[in-house]
Amino acid sequence: MLVVEDDQFVRSALIRHLTEASHTVRSVGTALEALREVAHHRFDVVILDLGLPDLDGSEALKMLRGITDVPVIIATARDDEAEIVRLLNDGADDYLTKPFSVEHLSARMAAVLRRSQATAAEPPPRVLRVGGLAIDPLRRQAELDGAVLDLTRREFDLLTFLAGRPGVVVARRELLAEVWQQSYGDDQTIDVHLSWLRRKLGETAARPRYIHTLRGVGVKLEPPL
């Protein structure tokens, strides 16, 4: 795994504890070094600090997501909920607020690795079709009536999950668990992504075509009438 942390004391402690837990660890102190490492080596997990000297960690996360799908755990002293939600939406797989225990980090890493390995073991998925929607999970491309949709990573994952269950009402708790890989969270995160997704599908909550919300029950995706 790759540890991206500019504080030498924290970095050394992380390396020591991860090595004692039988992990192979590489470490860097800047965003540029992290991008170089990811471009030349294969990692199972990246632990990313936000307060880097050359580039804010949130920008580094976006750049990492441009070249790799490696699981990223954010390690930050920032505890602003809006920023945490934004980081998760930008592609972080999990986050930890400093200070945190080694046991807590190890548990989060184990959970992220289980999800990553389970995904890698899945057979190549088929193209999902719902009405005029065609979603190719393997190529990570979605089209509506033949036009390619410009979706963020999380929007694509949300659309794919719903399209795999056409007409089935999915509870918000299930969406958090399966799309965000979180056992808890804010419903507002789901609402915001549904709103963005609806906009790109040319619809609104008041005038739905594909995405329908059943208040107090959940969400479903089905072809328009």
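Which side chains meet in a salt bridge at 2.8 Å, N to O? The first legend takes up this pair, and the others treat further close-up views of the predicted model.

**Figure 1. Salt bridge between Lys-98 and Glu-5.** The side chains of Lys-98 and Glu-5 are paired, with a distance of 2.8 Å from N to O. Lys-98 belongs to the loop between β5 (94-97) and α5 (102-121), and Glu-5 to the loop between β1 and α1 (8-20), so the salt bridge ties together parts that lie 93 residues apart in sequence. Glu-5 counts as buried because its relative accessibility is 3%, whereas Lys-98, at 24%, counts as partly exposed. Across the whole structure, a search finds 18 salt bridges.

**Figure 2. Helix α4 and the salt-bridge network that includes Glu-83.** Glu-83 is located in helix α4, which spans residues 81-89. With a relative accessibility of 15%, Glu-83 counts as buried. Leaving aside residues up to four places away in sequence, Glu-83 touches Leu-50 and Arg-78. A network of salt bridges links Glu-83 with Asp-56, Arg-78, Arg-86 and Asp-90. The buried residues of α4 are Glu-83, Ile-84, Leu-87, Leu-88 and Asn-89. Among the elements that cover these buried residues are α3, β4 (72-76), β5, α6 and α8. Just after α4, Gly-91 adopts a positive phi of about 125°.

**Figure 3. The two faces of helix α2.** Helix α2 comprises residues 31-40, and its buried residues are Ala-31, Ala-34, Leu-35, Glu-37 and Val-38. Viewed down the axis of α2, these buried residues fall within an arc of 160°, so they line one face of the helix. Leu-32, Ala-39 and His-40 are exposed on the other side of α2. The packing partners of the buried residues of α2 are β1 (2-4), β2 (26-28), β3 (46-49) and α3 (57-65).

**Figure 4. The largest nonpolar core, centred on contacts of Leu-159.** This core has 27 residues, and those with the most contacts inside it are Leu-159, Leu-175 and Leu-221. At least two residues of the core come from each of β6 (128-130), β7 (133-136), β8 (141-144), α6 (153-163), α7 (172-178), α8 (187-200) and β11 (218-221). Helix α6 supplies the largest share, six residues. Leu-159 touches Leu-133, Ile-135, Ala-142, Leu-149, Leu-151, Leu-197 and Leu-221, when residues up to four places away in sequence are not counted. A second, separate core of 22 residues includes Ala-31, Phe-43, Val-46 and Ala-92.

**Figure 5. Contact between domain 1 and domain 2.** The protein chain is divided into domain 1 (2-119) and domain 2 (128-221), and the C-alpha centres of the two domains lie 27 Å apart. Ten residues of domain 1 and nine residues of domain 2 take part in the contact. Between them the domains bury about 860 Å², of which 37% is on carbon and sulfur atoms. Leu-88, Asn-89 and Arg-115 supply 48% of the area that domain 1 buries against domain 2, more than any other three residues. Leu-88 and Asn-89 are also among the buried residues of α4. The count of salt bridges between the two domains is one. Arg-153 forms a salt bridge with Asp-93, and the closest N and O atoms are 3.5 Å apart.

**Figure 6. Salt bridges of Asp-44 with Arg-42 and of Glu-222 with Lys-220.** Side chains of opposite charge can pair when their charged atoms come close. Asp-44 and Arg-42 meet through their side chains at 3.4 Å, N to O. Asp-44 is partly exposed, having a relative accessible area of 39%, while Arg-42 counts as exposed at 73% relative accessibility. The side chains of Glu-222 and Lys-220 meet at 3.6 Å, N to O. In this pair, Glu-222 is partly exposed, with a relative accessible area of 23%, and Lys-220 is buried, with a relative accessible area of 18%.

How values were computed: Residues are numbered from 1 along each chain as its sequence is written. This is a predicted model: local features need pLDDT of at least 70, side-chain atom pairs count only at pLDDT 80 or more; totals for chains, interfaces and linings use all residues. Side-chain values use heavy atoms; hydrogens and water are left out. A nonpolar core is a set of buried Ala, Val, Leu, Ile, Met, Phe, Trp, Tyr and Cys residues joined through side-chain atoms within 4.5 Å. Buried means under 20% relative accessible area, exposed over 50%, partly exposed in between (1.4 Å probe, protein chains only). Helices (H or I, at least four residues) and strands (E, at least two) are DSSP runs, numbered from the N terminus. Contact means heavy atoms within 4.5 Å. The arc is that of the directions from the helix axis to the C-beta atoms. Domain bounds come from an automatic or database domain assignment. Buried area is the accessible area (1.4 Å probe) that two parts lose on being put together, summed over both. A salt bridge is a side-chain nitrogen of Lys or Arg within 4 Å of a carboxyl oxygen of Asp or Glu.
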